[in-house]
Amino acid sequence: MIAEARNPIIRWEWVVEQWDQIWEAIIEHLTLTVLAMLLGIVVSAVLAAIALRFRWTMTPITATTSLIYTLPSVALFALLAPVFGNLALATAVIPLAGYTLLILVTNTVAGFQAVPRSVRDAADGMGLTPTRRVLSVELPLAMPYIMTGVRIATVSTVGLVTVAAIIGQGGLGRLIFNGLSRAFWTPMTVGAGLSIILALTLDAILLGIAALATPWTRRKAAT
Amino acid sequence: MGDLSLDIEQGSIVALLGPSGCGKTTTLRMINRLIEPTAGTIEIDGVDVTTMPAQDLRRGIGYVIQQVGLFPHRSIATNIATVPKMLKWDKQRTADRVLELTELVGLDAEMLDRYPDELSGGQQQRVGVARALAADPPVLLMDEPFGAVDPIVRGRLQDELLDLQTKVRKTIVLVTHDVDEALRVADRIALLNVGGVLEQFDVPDEIMRSPANEFVEQFVGEDRGLRRLGLNLVSSLPHHRGPVVSIDAPPDEGLEAAEQEGVAWVGVLDGGSFVGWAAVDELRTHGTLRAVPRTQPAAQVTPDSTLRAAMEQIMVSNTSVAVIDDGGSFGGVVTLEDIRAALASPARSNGIR
């Protein structure tokens, strides 16, 4: 190990000294994650709606989102940089959102498909309008699936944001790159560690929101 | 679907009965336009169902399905209040109605805050019925409503439906493939064949007594004679007074009555009530009827008993006659011969077996 006294895994004085910069990185990381997720949710909702409405579009939509998912992130960031400019938010957010689509669309579609046929039939039979049926019956019932998708996508986005550091963004990723370039452990440890903590925190928050939003699923587990 | 024309009487239960693929569910779903008829008309109370928006139509028709289809994310109370809420009833009225229905279908009010998954299958089906009745629709459509529960619960739910019907008097169209269910709950049965062909539309006993054709005969089964026992009541039999005499009559009158019926005993009446059987031999040796030893009747039925119950009574008590107890007074007798005669239909007497 090269982690001798001068270059330990973490040097707390540095953390204290650089706290402003670290805090800024956390906020940027969070901003990129939230924006990417919001964009991803909006786009995936549209795609899922199309896939559910027109069954034949399911295969091409899945194929396309899978393809996006397989693209190397470094390449994608580099590709978009000349289009929007290095520091433009869109350069980072668009690819990040793109990576969420496969998970979000798949889960959303699965959630709606899991709504029992009998429930839909009863809703129609009682005279709910299609819009009302979707919003007040199917959407809540699909929610556990959708929220699972959102949680997985969020955790993976937090990780991916670090890669955006290659275009000068990337929040905590910049700390990691900074440390790497100087063979200095502390920023890397702080960047990676905080990134993990951020992912876990967001996951816990989303888990809490999901539980609050779907009280009937908890009660079932209790009986 | 082929041509189908049914006239359903208001306040009655009609069962659409038939094998799978006979279009019974399709027929039902055309009534509330979950399936749009491509030709022909369906009228409720003289109004063509296609003349109003489908949603409005459906809010005015109760709909119960086999899988119940309760909303899993809503409490029982909210489930029941679905249609009232859409009709914008005020809160108090809705709450009162929910409570009323809970009682009507035999649910515990403490279940109202639970979620559907916390209830048993039978309880869920009761909620389904309550939900369908919420806005007091005149018409109730039931698609195999008791198909998903075990036979014991099914029997109980069927009884409850009949009991409910005496209180609410809805026009009910019920889809089933179960002959026994149709016989038990329906006022009239429409027997459909594959392709929506109406084979027979009649009261249950008539379908059992004289099936319109081979299909009906096969569908209702071999033992339809026995099944009719459960469909007919003692009160439907021609009145048979039997060999009875008043306790104050001279013994000779008893001997005469016994001789007329060709039996060795007479029934003794005291003030309109049956007080027991007296053997002919004993009549000869006693001066008055009052002095003759009597045996209490072993088999007793009421006018509301089914013929099946009467037969059961007669069989287990090892006699050939049951006494009809009409609210404390003597209502005549039922013999095995009476039952046989009632079930024997002219159409079959020289035909089968």
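# Reading a two-chain model: a sheet, a helix and a core

Visitor: Where do I start with chain B, and in what order do the strands of its open sheet run?

Guide: Start with that sheet, and keep in mind that this is a predicted model. Six strands of chain B make up the open sheet, in the order β4-β5-β6-β1-β7-β8, and their pairing is mixed.

Visitor: Which are the edge strands?

Guide: Look for strands that pair on one side only: here those are β4 (61-65) and β8 (197-202) of chain B. While you're there, check the twist: neighbouring strands in this sheet are turned by 15 degrees against each other on average, direction ignored.

Visitor: In what sense do β4(B) and β5 of chain B pair?

Guide: They pair in the parallel sense, over five bridges, with β5 of chain B covering residues 139-143. To find your place, pick out B:G62, which stands opposite B:L140 in β5(B).

Visitor: I see a helix lying on some strands. Which strands does α1 of chain B lie across?

Guide: Helix α1 (residues 24-31) of chain B lies across β1 (13-17), β5, β6 (171-176) and β7 (188-193) of chain B. Its direction makes an angle of about 150 degrees with β6(B).

Visitor: Is α1(B) largely enclosed or largely open?

Guide: To read that, count neighbours: a residue is called buried if 20 or more other C-beta atoms lie within 10 Å of its own. Six of the eight residues of α1(B) are buried, so the helix is largely enclosed by the rest of the structure. The buried ones are B:K24, B:T25, B:T27, B:L28, B:R29 and B:I31. Their cover includes β1, β5, β6 and β7 of chain B. Just past the helix, look at the backbone of B:R33, which takes a positive phi of about 60 degrees.

Visitor: How should I think about which way helix residues point?

Guide: An α-helix has 3.6 residues a turn, so residues three or four places apart point the same way.

Visitor: What about the nonpolar core: how many residues has the largest one?

Guide: The largest core has 107 residues, and those with the most contacts inside it are A:L96, A:V105, B:A15, B:L17, B:L174 and B:A190. Helix α5 (residues 89-113) of chain A gives the most to this core, with 12 residues. For a close-up, try B:L174: leaving out residues up to four places away in sequence, it touches B:I13, B:A15, B:M142, B:P145, B:V185 and B:A186. A second, separate core has 17 residues, including B:F274, B:V301, B:A322 and B:F330.

Visitor: And where the chains meet, how many residues are in contact?

Guide: 20 residues of chain B are in contact with 16 residues of chain A. On the chain B side, α2 (54-59), β4 and α4 (82-86) each give two or more residues. The largest share, four residues, comes from α2(B). By type, that side of chain B divides into nine nonpolar, six polar and five charged residues.

Visitor: What does chain A look like by itself?

Guide: Chain A has 10 helices and zero strands. Its C-alpha atoms fill a box of roughly 75 × 45 × 30 Å along the principal axes, and buried residues make up 36% of its 223 residues.

Visitor: Is A:L89 buried or partly exposed?

Guide: A:L89, in helix α5 of chain A, is partly exposed, with 15 other C-beta atoms within 10 Å. The C-alpha atoms of A:L89 and A:T31 are separated by 9.6 Å, though the two residues are 58 residues apart along the chain.

Terms used. Residues are numbered from 1 along each chain as its sequence is written. Chains are lettered from A and ligands numbered from 1 in the order in which they are written. This is a predicted model: local features need pLDDT of at least 70, side-chain atom pairs count only at pLDDT 80 or more; totals for chains, interfaces and linings use all residues. Two strands pair if DSSP finds at least two bridges between them. Axes are lines fitted to C-alpha atoms, for helices over the stretch in contact, and angles run from 0 to 180 degrees between N-to-C directions. Two residues are in contact if their C-beta atoms, placed from the backbone, lie within 7 Å. Ala, Val, Leu, Ile, Met, Phe, Trp, Tyr, Cys and Pro count as nonpolar, Asp, Glu, Lys and Arg as charged, and the others, Gly among them, as polar. A nonpolar core is a set of buried Ala, Val, Leu, Ile, Met, Phe, Trp, Tyr and Cys residues joined through C-beta atoms within 7 Å. A residue is buried if 20 or more other C-beta atoms lie within 10 Å of its own, exposed if 12 or fewer, and partly exposed in between; C-beta atoms are placed from the backbone.
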